[in-house]
2 protein chains.
Amino acid sequence: MAKHENVSLSVIRRLPRYYRFLGDLLKNGIHRISSRELSLKMGVTASQIRQDLNCFGGFGQQGYGYNVEALHKEIGSILGIDKGLDIILLGAGNLGRAIASHMSFDSRGFNLIGIFDVSEDIIGQTIRGIRVSHADTLPEFCRQRRPKVAMLCIPKNSAQEIADNLVELGIRGFWNFSHYDLALDYDNIVVENVHLGDSLMTLCYRVNEVLEQNPEGPQEKE
Amino acid sequence: MAKHENVSLSVIRRLPRYYRFLGDLLKNGIHRISSRELSLKMGVTASQIRQDLNCFGGFGQQGYGYNVEALHKEIGSILGIDKGLDIILLGAGNLGRAIASHMSFDSRGFNLIGIFDVSEDIIGQTIRGIRVSHADTLPEFCRQRRPKVAMLCIPKNSAQEIADNLVELGIRGFWNFSHYDLALDYDNIVVENVHLGDSLMTLCYRVNEVLEQNPEGPQEKE
DNA sequence: TAGATTGTTAATCGATTAACAATC
DNA sequence: TAGATTGTTAATCGATTAACAATC
């Protein structure tokens, strides 16, 4: 629980992956692991693991390694998974509905408490036991429940305006699936952009690259 | 169309974003832009833009800047959007169906040509005009159509085994939504992991961080 | 104690930014 | 021509890796 400010975003973004691998080890009944062993499993260097963890404190023991359960719990606590932030979903179309239905919010630090849309076809539907409400009721809802995070699965065009409104209503973080880069316009507000289209185009480049370099396919597994 | 090997992944990952912003400019009837102007819009440095573009060639003109349409087209060509790689979807549950329905594959360099699942409830459904087939028919399909890329929306447990089979069947790239890190095990195969859960947990950390540092919310917009 | 492995400092590497000569 | 802005080299910055003393 030490104060750990100024940890770089590169390090933060690796924490969930550590958490995932440690969870797997735990499930497999492994109680102890060295940075070296973990590095081999994860395909990173042992140095990086030790450096990353030591941003937050000394969780290991010389000559022994790390206790898997303790470290897993510790990283969960650093990420703030126990905090249970309230989150709302804006836009319950295909993608919003799928992710809301599919994603385990609870085990990742969030409670989904509200879903909003503007389409009459969608309003009234139930997703994960939550009734989709009209976006007009959002201000009142926010004043009552004070959610801090919003997931945006809305069209690009409306993203900026809706985000502005949500900030007025007290939203401090966005999980943004719209194809619009919100990050630029706010200070003191966190935006996590998920640009699936960009990811797909990066894949396009890389596949075409390997196809050019080696059209035949892999001769052997690594 | 110059040979441009050894361009770092950091640069590649920025290309789709340039492409997106240039597409917007084009839509807004802007025909010319300097690296300085673009840098302000995108929230990056002009230096970075010029460096990135010059990995692939000199697309600008001193004293003038860049022609938006030409640059947009050029980046599209670098990404290989015109190639139209065939892609198949494995797993047509909530998430797979949503993304398959939602994503514009065509404008990002792919043709979706097949969808496969193992659930009898899902097989026979039609998504984007494509009938969901039984995964048993996959080997035959691949031998006939030779798709090069697969999108994986399957459970973590089966991911590795299915990916192994797909590599045998000639798949060279994966767009991986399963919570399993495929990348480690193959050489000469491209994996683009989309870990939505990791993204959500990173958001969890960052929101809790700003809430601690500034519980009151932003005093003013940046 | 001896062996193992951490925590941490120092060295290396790569990516970003700044500067400016080339040139439209 | 003069002004603007690129392409490109050099400087800076940050992140990763290596090394090793501390210590369990």
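**Figure 1. Protein residues around DNA strand D.** In this predicted model, 25 residues surround DNA strand D, and those that come nearest are S47(A), Q51(A), Q61(A), S35(B) and Q51(B). Of the atoms of DNA strand D that come within 4 Å of the protein, 56% belong to sugar and phosphate. Sorted by class, the surface near DNA strand D comprises 19 polar, three nonpolar and three charged residues.

**Figure 2. Polar contacts to bases and phosphate of DNA strand D.** S35(B) places a polar side-chain atom 2.6 Å from a phosphate oxygen of the strand. Two further contacts involve base oxygens of DNA strand D: a polar side-chain atom of R50(B) lies 2.8 Å from one, and a backbone N or O atom of Q62(A) lies 3.2 Å from one. Two or more residues of the surface near DNA strand D are given by each of α1 (9–27) and α3 (46–54) in chain A, and by each of α3 (46–54), β2 (60–61) and β3 (65–67) in chain B. The element that gives the most is α3(A), with four residues.

**Figure 3. The annotated DNA-binding region of chain A.** An unreviewed UniProt entry assigns the annotation "DNA-binding region" to residues 17–56 of chain A. In the model, this stretch of chain A is 70% helix and 5% strand. Its end C-alpha atoms are 16 Å apart.

**Figure 4. The interface of chain A and chain B.** Contacts link 80 residues of chain A with 80 residues of chain B. The two chains bury about 7300 Å² between them, with 64% of this area on carbon and sulfur atoms. In chain A, the residues that lose the most area to chain B are L200(A), M201(A) and Y205(A), which together account for 11% of what that side buries.

**Figure 5. Polar and charged pairs between chain A and chain B, and the elements of chain A at the interface.** Chain A and chain B are joined by 12 salt bridges. A salt bridge is formed by the side chains of K83(A) and E212(B), with an N to O distance of 3.9 Å. Across the interface, 22 residue pairs are in polar contact, with both residues at pLDDT 80 or more. Elements of chain A that each supply at least two residues of the side touching chain B include α1, α2 (35–42), α4 (68–79), α7 (156–168) and α8 (196–213). The largest share of this side, 17 residues, comes from α8(A). By class, the side of chain A that touches chain B has 40 nonpolar, 22 charged and 18 polar residues.

Definitions and conventions. Residues are numbered from 1 along each chain as its sequence is written. Chains are lettered from A and ligands numbered from 1 in the order in which they are written. Side-chain values use heavy atoms; hydrogens and water are left out. A residue is near a molecule or strand if one of its heavy atoms lies within 4 Å of it. A polar contact is a pair of N or O atoms within 3.5 Å; within protein, one must be able to donate a hydrogen and the other to accept it, and residues adjacent in sequence count only if both atoms are side-chain atoms. Ala, Val, Leu, Ile, Met, Phe, Trp, Tyr, Cys and Pro count as nonpolar, Asp, Glu, Lys and Arg as charged, and the others, Gly among them, as polar. UniProt positions are given in the numbering used here, feature names are shortened, and annotations may be inferred rather than shown by experiment. Contact means heavy atoms within 4.5 Å. Buried area is the accessible area (1.4 Å probe) that two parts lose on being put together, summed over both. A salt bridge is a side-chain nitrogen of Lys or Arg within 4 Å of a carboxyl oxygen of Asp or Glu.
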